[in-house]
Amino acid sequence: MVIRRFAVAGVCLAATLQATVLALAPTAAATQQSSRPLHPPATAISAVGRAAHSGPAAPVEGPVARTAAAPDIDVAKVQAHLTELNAIATRNGGTRKSSGQGYRDSVAYAKAKLQAAGYTVTEQPCTSGCATGAGPNLIAEWPQGDATKVYMFGSHLDSVGAGPGINDNGSGSAALLETALTLAQQHPAMGARVRFAWWTDEEQGLNGSDFYVGSLSSAERSKIKAYYNFDMIASLNGGYFINHVTSAAAQPMKAYWDSLGLQPEENTEGAGRSDDYSFEQAGIPTSGYAMGASARKTSAQAAKWGGTANRAYDSCYHQSCDTTSNINSTGLNRSVDGIAATLWQLAVTDSTPANDFSLTAGPATGSVDPGGSATSTLSTATTSGSAQTVALSASGAPAGVTVSFSPASVTSGNSSTMTVATTSSTAPGTYPLTVTGTGSVTHTTPYTLTVRGAGGCTAQQLIANGGFENGTTPWTGDTGAIGAHSGQSAHGGSRFAWLGGYGSSATDTLSQTVTVPAGCGKATLSYWLHIDTDETDAVAYDTFKVKVGSTTLTTLSNTDASSGYTQRSLDLSRYIGQRITLTFTATEDSSLQSSFVVDDATLQTG
């Protein structure tokens, strides 16, 4: 939460939303703290405030149809995200400030998980108004529901320069990330769109959210029915505060905390100090949860909520001690479950879509030589209500493969011919494609293309960005491990992947999917690995594994530690002609760090 100087912003009143009373959510134990030492903190930065908003906002629309039951979000998974954000900061000078690599690594971490879950993900560069070098906003929309009715849930992803920002605001960012992943996993029927946002440069003056709102056309603004903000939702000595607690937008959030007997109060300390203010200024209804920053808990609040009176809600606010040890797991659990309750009430429906259809591909597989093409008939059928127009598209095609449809859209009940064409240079292998039909609802169907070997073999290196010098793409997983981190050095260049090194129970993974061409006689994986450890016993407490799919090819451990890099090689010839996912995984036990530093990975065919 940014430091600001002005009075409380005006509270926007509107029509009352229906509220659902939900059961008490379970709590979980506090997360463990990373043992990697933080680097000396930089100076915290404050920002000048703006004039308070005083005009009324547009009314909030009610929830869609009848709402499905909201899930209980696993707070342990939220805390796992916090552990990774803390590790990212530690690897980048103890901070995730918007202009640093720690912020960009945080964006990459969240982006990889959201893309894998099926979100439409956009990095929005802040091209005006942000600090020099500030990273992008990260926007993720779940591609289901009424696109004219959008509910936004946001948090700022940056920290101050003085510390890693795990409560401020890893707590809000991690809670939203796990809520988004749970929504994708459960895949409920949607009556409205849900759009998640992780903002850049909040600590410099709400600049990322200001830029986003300013970039919206009036038509796009009108689609956003409410914006919900989450900034510092795990303060150790915190209270339970809601932005505009008596407004219509706040009612689902208040109803959940009321059901826990928490008696939430207005968030006066945070008024106008976080990204909801950017939306409020544009006339969009806003609310959100907070547990407090540097203001002091009153005696009445301590009597109501527990904790210590006359002490700051967060004693580590904007300091280097804002780490994973600065997290109130009970408050975090109550907050993330309230987020889910609000989202489900507003956007999820348990009713069958009025108009629905099915989509199938026949055949669902095709085999061609390089330069050839395959066809499949995409059949649709109206399964409920009236026929609708279905637009067809495909994803997952590798380089040298194009997919076309004739016609490109059909009325449900009709069919289209899909042509999958290759070029003479298309690499042999097996490629899973996803065909999508989009109407008032969206459905997908799989199609598998096999490109046969043309005979002979062109020697080539298959791993992209194996030296980690070009950002994080196309690696997925814990991509915050990639960078030019202090405390370790590269084998070549300046960047590498530092897996492990926490000194507490943790797992880091990095994965990349490649096609090993047919027609070759050999495929060899090589990588340089440096292992250092604080373990002294000749026991494999901490491990490093190389996998293809679910198959473990080799396991190393702290017992293999050495003073420098060692080149390791594995024969992957058995995977020739296949599309594989290669994964590096480091796992540590509960004490004494082991670091597994990877660089210059190659997969050479011949």
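The legends below accompany several close-up views of one predicted model.

**View 1. Val213 and its surroundings in helix α4.** Val213 is part of helix α4, which covers residues 207-215. With a relative accessible area of 4%, Val213 is buried, because residues under 20% are placed in that class. When neighbours within four places in sequence are set aside, the residues in contact with Val213 are Arg221, Ser278, Phe279 and Ala282. Gln281 can be located in this view as well: although Val213 and Gln281 are 68 residues apart along the chain, their C-alpha atoms are separated by 9.3 Å.

**View 2. The buried residues of helix α6 and what covers them.** Helix α6 spans residues 251-259, and its buried residues are Gln251, Pro252, Met253, Ala255, Tyr256 and Trp257. The elements that cover these buried residues include the strands β5 (224-230), β6 (241-242) and β8 (286-290), together with the helix α9 (329-347). Following α6 comes Gly261, a residue whose phi is positive, near 70 degrees.

**View 3. Glu141 and two arginines, Arg193 and Arg195.** Side chains of opposite charge can pair when their charged atoms come close. In this view Arg193 forms a salt bridge with Glu141, and the closest N and O atoms of the two are 2.9 Å apart. This pair links distant parts of the chain, since Arg193 belongs to strand β4 (residues 192-199) and Glu141 to strand β2 (residues 137-142), 52 residues apart. Glu141 also forms a salt bridge with Arg195, where the closest N and O atoms are 2.7 Å apart. Because Glu141 lies in strand β2 and Arg195 in strand β4, this second pair ties together parts that are 54 residues apart in sequence. Both Arg193 and Glu141 are buried; the relative accessibility of Glu141 is 16%, while Arg195, with a relative accessible area of 8%, is buried too.

**View 4. The salt bridge between Lys304 and Glu265.** The side chains of Lys304 and Glu265 meet in a salt bridge, with a distance of 2.8 Å from N to O. Here, too, distant parts of the chain are linked, as Lys304 sits in helix α8 (residues 299-305) and Glu265 in strand β7 (residues 265-266), 39 residues apart. Lys304 is partly exposed, with a relative accessible area of 30%, and Glu265 is likewise partly exposed, with a relative accessible area of 26%. Elsewhere in the model, Glu84, Arg91 and Asp508 are joined into one network by salt bridges that share partners. A search of the whole structure finds nine salt bridges.

**View 5. An open sheet of four strands.** The strands of this open sheet follow the order β9-β11-β15-β13, and their pairing is antiparallel. At the edges stand β9 (356-362) and β13 (401-406), each of which has a single partner strand, so one side of each is left without a neighbour in the sheet. From one strand to the next, the twist averages 25 degrees. The partner of the edge strand β13 is β15 (residues 415-422), and the two pair in the antiparallel sense over six bridges. A reader who wishes to follow this pairing residue by residue may begin at Ser404, whose bridge partner in β15 is Thr419.

Key:
Residues numbered from 1 in each chain as written. Predicted model: local features only at pLDDT ≥ 70, side-chain atom pairs only at ≥ 80, totals over all residues. Heavy atoms only, no water. Buried < 20%, exposed > 50% of the residue type's maximum accessible area, 1.4 Å probe, protein only. Contact = heavy atoms within 4.5 Å. Salt bridge = Lys/Arg side-chain N within 4 Å of Asp/Glu carboxyl O. Pairing = 2+ DSSP bridges. Axes fitted to C-alpha atoms, helices over the stretch in contact; angles between N-to-C directions.
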